[in-house]
Structures are given as structure tokens and as C-alpha cells.
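Welcome to this short guided tour. Open your viewer, get ready to select some residues, and follow along one stop at a time.

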Amino acid sequence: PIKVRLTGTNHYLLEEETGRGLGRVFRVKWRGVDELYLMDAKGRHITDDINSSTGQMWILPRCTLWGSSFCKIPAAIVMLVLLLLFAFCIYLAITNGFGEEKHLPWTISVCVVGGFVTLCIYYFVWKSQMHSTPLKRRRDIFRQRLLKANPSPKESARGPDRAITAEKISELFEYFRDFIGHRDMHYVTNNLLIPFTKPWRLSYADVAGACRASWFVSHCWSNGFEDFILSLRKIAEG
């Protein structure tokens with residue numbers, strides 16, 4: 001299990017501070033492509049009923065090289081291979097005559113610069129993969145669809161003219177169904193609606209294209225978003 005800290009979850013059990021002013025340390029164990037076991041610092045499974053739909057998980061520095069990966073290969077192994085290749089290049093240079101006394105400084109300099117550039121390229125590719133999650137990539141595609149349908153989002157007047165059709169809400173759900181699952185409105189808001197609306201500081205209705213309301217529908221955020229969509233469809237069917 002890898003040691004991690006959680007931030008931005010807005011849940012006191014996940015971000016309870018220790019005596020050093022740092023958040024709690026947890027252990028996580030891989031369970032599936034999009035699922036992890038969360039355990040306490042001693043490796044005991046957490047049985048508390050904790051729900052949070054936002055935040056980030058940070059791997060502790062001493063676990064980063066082994067806990068993070070590049071093309072599913074642990075970063076520590078990738079860096080070790082790069083170092084071995086670097087040493088092998090120097091060995092080839094010396095054994096093939098390029099390592100003569102007058103050429104040795106130049107040979108080593110080229111190898112060092114080459115190795116440094118390779119490590120920098122690897123670091124930036126690895127960093128970009130860390131920030132490019134499947135959900136973020138899906139959001140980027142859907143954002144382009146929103147902008148194609150409504151190229152210039154603008155604020156509508158408060159009231160019945162700031163409404164959204166059941167069809168557009170259903171489209172959002174269907175596009176992110178595999179991410180939403182049985183989660184509630186808190187997840188949808190923090191992981192979908194806020195990222196979509198933040199650049200314009202508008203409501204999702206304005207970003208997707210507001211219309212005049214025919215019905216006012218209220219719902220509980222703690223209920224499953226899928227149940228809300230099914231209810232809307234039932235209303236639309238009459």
C-alpha cells in the first residue's frame with residue numbers, strides 16, 4: 001500500500017490535522033482501474049461512512065517514485081533504466097576510442113546533457129499524464145460540444161428565463177454515465193458543473209443555453225443523480 005494525503009475533500013475525517021499541522025496520512029491499495037482501498041496509516045481498512053465528491057490525493061514524496069508510473073511502469077524503474085542507458089553510452093564511448101584523454105571531457109559532457117534532456121522530457125510527459133485524467137479528457141470533449149452549440153455563453157436574467165431543458169440535463173448524464181454511476185448531485189456539481197462554468201462564472205443553464213421555464217423542478221442533492229434524471233423523463237412523458 002502507498003501512503004497518501006487527501007486535500008480539498010471538505011470532510012473533517014479525511015483532512016483532520018495532526019500535531020505538525022499536516023493532514024492525516026492514509027494508505028491506499030489498488031483494487032481496479034478506478035477504485036482504491038482506503039486504509040488508515042497502520043493499514044487497517046476504514047469502515048466509517050465517509051462521502052466526498054471532490055478533492056485531490058497526493059502521494060507522499062518518499063512513495064512518489066514507486067507509486068507513480070509512466071506507461072504503467074513505476075517511475076523508479078523508468079529512471080533506473082535511463083541511468084543504466086546513460087552509463088552504457090559512456091562505456092561505449094570509451095571502448096570505441098571516443099574516450100581518449102583529450103576527448104573524455106567532451107564525451108562525458110554530451111552524455112550528461114543527453115541524459116538530462118531525456119529526464120526532462122520524461123518528467124514533463126509524466127507530469128502531463130498526472131493532470132490529464134480520463135474524466136478531465138472527457139470534460140474537455142464535452143466542453144467543445146457545449147461551445148459548438150452555444151459559442152458565446154452570456155448571463156441571462158434571473159428568474160424563469162434562466163432555465164434548462166430536461167433534454168440537456170439528460171445529455172449531460174448520458175455522456176458521463178460511467179463516471180456518475182449512482183453518485184449524487186454533490187459529485188455532479190463539483191466534478192462536472194463547476195469545471196464547465198468556472199471560466200465564465202455563469203450557471204450551467206447559461207453555458208449550455210438557457211431557455212424559459214415551463215416547469216419548476218426541485219430535487220434533493222443527496223439522492224442519486226440517475227434517479228433525478230429518471231424522474232425528469234417520467235415528467236416529460238406525461
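Which residues in helix 4 meet which residues in helix 7? Keep in mind as you look that this is a predicted model.

**Stop 1: two helices in contact**

Select residues 134–149 for helix 4 and residues 185–197 for helix 7. On the helix 4 side, highlight Leu-135, Arg-139, Phe-142, Arg-143 and Leu-146; they meet Tyr-187, Asn-191, Leu-192, Pro-195 and Phe-196 in helix 7. Try colouring this contact by class: there are seven nonpolar residues, one polar residue and two charged ones.

Now turn the view to see both axes. They lie 10 Å apart, and the helices pack at an angle of about 50°. Why is the pair called oblique? An angle of about 50° falls neither under 35 degrees nor in the 65 to 115 range nor over 145, so helix 4 and helix 7 count as oblique to each other. Their crossing is right-handed.

**Stop 2: aromatic rings**

Next, look for rings. The model has eight aromatic pairs. For one of them, select Phe-142 and Tyr-175: their ring centres are 5.0 Å apart and their planes stand at 40°, so this pair is tilted. Follow the chain from each ring and you will find Phe-142 in helix 4 and Tyr-175 in helix 5, residues 166–175. The pair therefore ties together parts that are 33 residues apart in sequence.

Is Phe-142 buried or exposed? Phe-142 is buried, because its relative accessible area is 1% and the cut-off for buried is under 20%.

Now select Phe-196, which you already met in helix 7, together with Tyr-204. These two rings have their centres 6.4 Å apart and their planes at 40°, so they too form a tilted pair. Phe-196 counts as buried at 1% relative accessibility, and Tyr-204 counts as buried at 11%.

To see the wider group, show Phe-142, Tyr-175, Phe-176, Phe-196 and Tyr-204 together: they form one aromatic cluster.

**Stop 3: a residue in helix 3**

For the last stop, select Tyr-123, in helix 3 (residues 104–131). Is Tyr-123 buried, exposed or partly exposed? Its relative accessible area is 37%, so Tyr-123 is partly exposed.

Finally, add Met-79 and draw a line between the two C-alpha atoms. Tyr-123 and Met-79 are 44 residues apart in sequence, and that line spans 9.9 Å in space.

Methods: Residues numbered from 1 in each chain as written. Predicted model: local features only at pLDDT ≥ 70, side-chain atom pairs only at ≥ 80, totals over all residues. Heavy atoms only, no water. Helix = DSSP H or I, 4+ residues; strand = E, 2+ residues; numbered from the N terminus. Buried < 20%, exposed > 50% of the residue type's maximum accessible area, 1.4 Å probe, protein only. Axes fitted to C-alpha atoms, helices over the stretch in contact; angles between N-to-C directions. Left-handed = near helix turned anticlockwise from the far one by under 90°. Contact = heavy atoms within 4.5 Å. Nonpolar A, V, L, I, M, F, W, Y, C, P; charged D, E, K, R; others polar. Phe/Tyr/Trp six-rings, centres within 6.5 Å; stacked < 30°, edge-to-face > 60°.
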